[in-house]
Amino acid sequence: MSTQRKAISLISGGLDSMLSTRVIMDQGIHVEGINIFTGFCVEGHTHAIRKKDRQKPKRNNALWVAEQLGIKLHIIEVIEEYKQVLLNPGHGYGQNMNPCLDCKGFMVRKAYEWMQEHGFDFIITGEVVGQRPMSQRRDTMPVIQRESGAGDLLLRPLSALNLPETRPEREGWVQREALYDFSGRTRKPQIELAAKFGFDDYSQPAGGCCFLTDKSYSDKLVDMWAHRSSRDYELDDIMLLKVGRHLRPRPHFKLIVAREEGETRFLEGYRKQFVHLLSTSHSGPLVLVDGELNEDDRLLAAQISARFGQGRDAAEVEMEITDLDGRAQRLMVEPLRADEIPQDWYV
Amino acid sequence: MSEQHLDARRLLCPMPVIRVQDAIAKLVAGDLLHVSCTDPGALHDVPAWCRVHGHRVVMAEPRDDEVYICIEVVKQT
Ligand code: SF4
């Protein structure tokens with residue numbers, strides 16, 4: 001009896017990894033999924049913090065894909081380890097702060113480690129030659145194989161016919177002829193294959209799999225590092241960059257202003273860690289202060305915060321500033337006018 | 001059979017799912033895991049994770065501003 005071969009599939013939640021997994025399952029291989037959580041992943045739920053986006057499905061796409069395929073999904077949290085990838089990418093960044101090539105190598109390495117620990121035989125990904133400018137080029141795809149340590153145990157079923165034969169093909173664990181030759185940025189072959197498999201509801205993220213490809217997010221990250229003594233971060237930092245308006249009126253402090261009720265509720269969870277402001281005379285957003293406030297700054301922070309509440313056009317608004325020791329100070333302030341907030345304060 | 005409580009409040013998805021996954025890895029068949037979360041997405045994702053791994057969701061419901069989920073470990077993952 002032949003050995004049941006087992007593959008671990010990197011599942012991002014998008015269509016390509018869903019298709020590549022199904023292609024290999026159809027060859028009789030036992031497949032389980034692995035999803036790597038760096039902290040920067042785009043999650044429906046992060047958007048769900050904002051009330052206006054609540055109509056959108058609140059699902060984790062990777063889990064949803066696993067369920068559609070009927071496979072197990074292992075979610076691996078790599079927040080600490082990922083810092084090395086993001087802070088010192090050997091291959092540099094893409095258009096924004098996305099270190100895609102190093103990131104892909106890192107993710108495949110995590111999958112490779114998992115594969116070895118759990119007695120699996122090879123790794124599959126949904127990568128397609130020429131699809132992404134940095135990590136999915138003919139010359140960079142071998143870099144991922146090499147730097148991850150996975151070598152020719154890494155199979156890309158959707159593009160296999162454009163790439164050198166891998167061990168699973170050579171050994172006959174999978175049939176090379178039944179794999180695909182997709183290439184380039186076109187999505188047409190993927191959409192056709194999805195139709196063939198009867199997949200009609202799938203996610204196709206436009207930018208990429210994470211916030212690091214997003215310009216506005218990357219700007220906030222760079223600003224955060226520029227105003228700290230080191231380029232380090234914690235999970236809370238990177239979560240807070242996803243929420244609210246960020247204004248930096250002075251180099252030593254930044255305000256995070258909730259844009260609506262859902263964000264205020266989310267930011268409330270941080271009240272003990274941050275000096276914060278709230279209007280007591282009008283309804284308005286919760287505002288967190290990231291940094292230190294001197295006496296003048298307190299007035300300025302209160303005036304800016306008042307601008308974003310219902311009292312924006314009032315002559316005076318009462319603002320309460322709560323310090324880290326829980327002591328609250330009330331200030332009557334005149335809200336700044338829109339034209340008194342320079343555009344370059346917005347991070 | 002043992003019962004464990006997991007406080008996953010204030011964590012955003014997928015962290016509650018990851019915490020559930022780690023907690024269940026230490027439990028055995030028949031054990032119960034009670035989970036409290038504040039991310040409403042957990043109401044969807046934790047049961048989805050349980051389904052793909054074959055665990056039984058005894059209860060999953062919103063409670064005030066929180067989400068409560070009770071899971072019976074069916075098999076070791
Ligand atoms: S888009 Fe983000 S998660 Fe995807 S490879 Fe690039 S850096 Fe990594």
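This is a guided tour of a predicted model, moving from chain A to its contact with chain B and then into chain B.

**Chain A as a whole**

Begin by selecting chain A in a cartoon view, where the secondary structure comes to 12 helices and 11 strands. If you orient the view along the principal axes, the C-alpha atoms fill a box of roughly 80 × 40 × 35 Å. Colouring by accessibility is a useful next step, since buried residues make up 54% of the 347 residues in chain A. Should you draw the contacts in chain A between residues at least 6 apart in sequence, you will find that 66% of them join residues at least 24 apart.

**Aromatic rings in chain A**

Next, show the side chains of Phe, Tyr and Trp; over all chains, the structure holds 12 aromatic pairs. One to centre on is the pair of A:Trp114 and A:Phe120, whose rings meet edge-to-face, with 5.0 Å from centre to centre and 75° between the planes. Both A:Trp114 and A:Phe120 are buried, and hiding the surface will help you to see them.

Now select A:Phe40, A:Tyr82, A:Phe106, A:Phe211, A:Tyr217, A:Trp225 and A:Tyr233, which ring pairs link into a cluster. Stay with A:Tyr233 and add A:Lys83, which lies over the face of that ring at 5.4 Å from the ring centre.

**Where the two chains meet**

Bring chain B into view and select the residues in contact across the two chains: 25 residues come from chain A and 19 residues from chain B. The area buried between the chains is about 1,900 Å², and carbon and sulfur atoms give 65% of it. Which three residues of chain B supply more of the area that it buries against chain A than any other three? Select B:Arg10, B:Leu12 and B:Val52, which together supply 30% of that area.

Keep B:Arg10 selected and show A:Tyr270 beside it, as the arginine lies over the face of this tyrosine, at 4.6 Å from the ring centre. Then move to B:Arg51 and A:Glu67, which form a salt bridge with their closest N and O atoms 2.4 Å apart; the count between chain B and chain A is 1 salt bridge.

**Strand 4 of chain B and its partners**

Select residues 66-72 of chain B, which form strand 4, a strand that is mostly covered, with 5 of its 7 residues buried. Strand 2, residues 32-37, runs antiparallel to strand 4 and is joined to it by 6 bridges, while strand 3, residues 56-63, is also antiparallel to strand 4 and is joined to it by 7 bridges. A good residue from which to view both pairings is B:Tyr68 in strand 4, as B:Ser36 stands opposite it and B:Glu61 likewise stands opposite it.

Follow strand 3 into the hairpin that it makes with strand 4, where 2 residues lie between the strands and B:Asp64 takes a positive phi near 50°.

**Last stop: B:Val73**

Finally, step into the segment after strand 4 of chain B and select B:Val73. Is this residue buried or exposed? B:Val73 counts as buried because its relative accessible area is 1%, against a cut-off of under 20%. To see what surrounds it, leave aside its neighbours within four places in sequence and show the residues in contact with B:Val73, namely B:Ile24, B:Leu27, B:Val28, B:Ala29, B:Gly30, B:Asp31 and B:His55. For B:Ile24, which is 49 residues away from B:Val73 along the chain, the separation between the two C-alpha atoms is 7.0 Å.

How values were computed
Residues numbered from 1 in each chain as written. Chains lettered and ligands numbered in written order. Predicted model: local features only at pLDDT ≥ 70, side-chain atom pairs only at ≥ 80, totals over all residues. Heavy atoms only, no water. Phe/Tyr/Trp six-rings, centres within 6.5 Å; stacked < 30°, edge-to-face > 60°. Buried < 20%, exposed > 50% of the residue type's maximum accessible area, 1.4 Å probe, protein only. Lys NZ or Arg CZ within 6 Å of the ring centre and 35° of its normal. Helix = DSSP H or I, 4+ residues; strand = E, 2+ residues; numbered from the N terminus. Pairing = 2+ DSSP bridges. Contact = heavy atoms within 4.5 Å. Buried area = accessible area lost by both parts, 1.4 Å probe. Salt bridge = Lys/Arg side-chain N within 4 Å of Asp/Glu carboxyl O.
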